[in-house]
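Student: Pick one spot in this structure and walk me through it closely, working outward from there. I'd like one connected story rather than a list.

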Amino acid sequence: MSIDRRVLIADDDRQVRVGVVDLLRDLDMDFIHAETGVEALLILRRSVIDLALLDMHMPGHTGLEVLSIIRRESPDLPCIFFSGDATEAIRQQALQEGAMAVLAKPFVPAVLRREVRRALHIAGSEGF
């Protein structure tokens, strides 16, 4: 039986979005891509999304701004936040806004997979 989940990947870097899909491809998910914070919010408002992966730096709205809006509009939606400059201040702010996890780019593949599995309550056999 296939478990279909829809994951939004919001990052202005196409290579990051494609890389995330490659890392998570075997987890039976549909992936929706957004290049900007504005596009991410439009998708979230028009689609059923099970998990949002949000980059910090995007045109239109930052990941923190998108996360804040998500918390007001869809408080139960799990969100994982990531950034190439994940300072302690950014990390703390994202966690205060309700991010389940804050990851530094480049990702450690096992950490990304673990956090996605945790967010979506997917059991795994990968030893984490």
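Tutor: Helices here are DSSP runs of H or I with at least four residues, and strands are E runs of at least two, both numbered from the N terminus. Keep in mind that this is a predicted model. With that settled, let's pick Leu-24, which sits in helix α1.

How buried or exposed is Leu-24? Buried means under 20% relative accessible area, and Leu-24 comes out at 0%, which is why it counts as buried. Leaving aside residues up to four places away in sequence, Leu-24 touches Phe-31, Leu-53, Leu-112, Arg-113 and Val-116. We can follow those contacts outward, starting with the helix that holds Val-116. Along the chain, Leu-24 and Val-116 are 92 residues apart, yet their C-alpha atoms are separated by 8.5 Å.

That pair belongs to a helix-helix contact. On the α1 side, Val-20, Leu-23 and Leu-24 take part, and they meet Pro-109, Leu-112, Arg-113 and Val-116 in α5. By class, the residues of this contact split into six nonpolar, no polar and one charged. As for geometry, two packed helices are described by the angle between their axes and the distance between the axes. Here α1 (residues 14–24) and α5 (residues 109–120) pack at about 75°, with axes 10 Å apart. An angle from 65 to 115 degrees counts as roughly perpendicular, and therefore α1 is roughly perpendicular to α5.

Now for the sheet. Helix α1 lies across β1, β2, β3 and β4, and runs at about 170° to β2. Helix α5 lies across β1, β2, β3, β4 and β5, at about 165° to β5. What is the strand order? The sheet is open, with five strands in the order β2-β1-β3-β4-β5 and parallel pairing. The edges are taken by β2 (29–34) and β5 (101–104), each with a single partner strand, so one side of each has no neighbour in the sheet. On average, and ignoring direction, neighbouring strands are turned by 20° against each other.

Phe-31, one of the residues Leu-24 touches, takes us into β2, where Phe-31 is the bridge partner of Val-7. Another partnership with β2 links Arg-6 to Asp-30. Six bridges hold β1 and β2 together, running parallel, and the chain makes a right-handed β-α-β unit out of β1, α1 and β2. Strand β1 itself has five of its six residues buried, which means that the rest of the structure largely encloses it.

Leu-53, another residue that Leu-24 touches, points us to β3 (residues 51–55), where five of five residues are buried. In a regular strand, side chains alternate between the two faces of the sheet. For β3, both faces are covered: Leu-51, Leu-53 and Asp-55 are buried on one side, and Ala-52 and Leu-54 on the other. Leu-53 also stands opposite Ile-9, and β1 (residues 5–10) is joined to β3 by four bridges, again parallel.

On the β4 side, four bridges join β3 to β4 (residues 79–83), which run parallel too, and Ala-52 has Cys-79 as its bridge partner. Between β3 and β4 the chain passes through helix α3 (residues 63–73), giving a right-handed β-α-β crossover. Eight of the eleven residues of α3 are buried, so the rest of the structure largely encloses that helix. Among them are Leu-64, Leu-67, Ile-70 and Arg-71. Their cover includes α2 (37–46), β3, β4 and α4.

For contrast with Leu-24, where do we find an exposed residue? Try Gly-84, in the loop between β4 and α4 (88–97). Its relative accessibility is 55%, and exposed means over 50%, which is why Gly-84 counts as exposed. C-alpha to C-alpha, Gly-84 is 26 Å from Arg-5, with their positions 79 residues apart in sequence.

To pull it back to where we began: Leu-24 is buried at 0%, and its contacts include Phe-31, Leu-53 and Val-116.

Terms used:
Residues are numbered from 1 along each chain as its sequence is written. This is a predicted model: local features need pLDDT of at least 70, side-chain atom pairs count only at pLDDT 80 or more; totals for chains, interfaces and linings use all residues. Side-chain values use heavy atoms; hydrogens and water are left out. Axes are lines fitted to C-alpha atoms, for helices over the stretch in contact, and angles run from 0 to 180 degrees between N-to-C directions. Angles under 35 degrees count as roughly parallel, over 145 as roughly antiparallel, 65 to 115 as roughly perpendicular and the rest as oblique. Contact means heavy atoms within 4.5 Å. Ala, Val, Leu, Ile, Met, Phe, Trp, Tyr, Cys and Pro count as nonpolar, Asp, Glu, Lys and Arg as charged, and the others, Gly among them, as polar. Buried means under 20% relative accessible area, exposed over 50%, partly exposed in between (1.4 Å probe, protein chains only). Two strands pair if DSSP finds at least two bridges between them. A crossover is right-handed if, with the strands pointing away from the viewer, the path from the first strand over the helix to the second runs clockwise.
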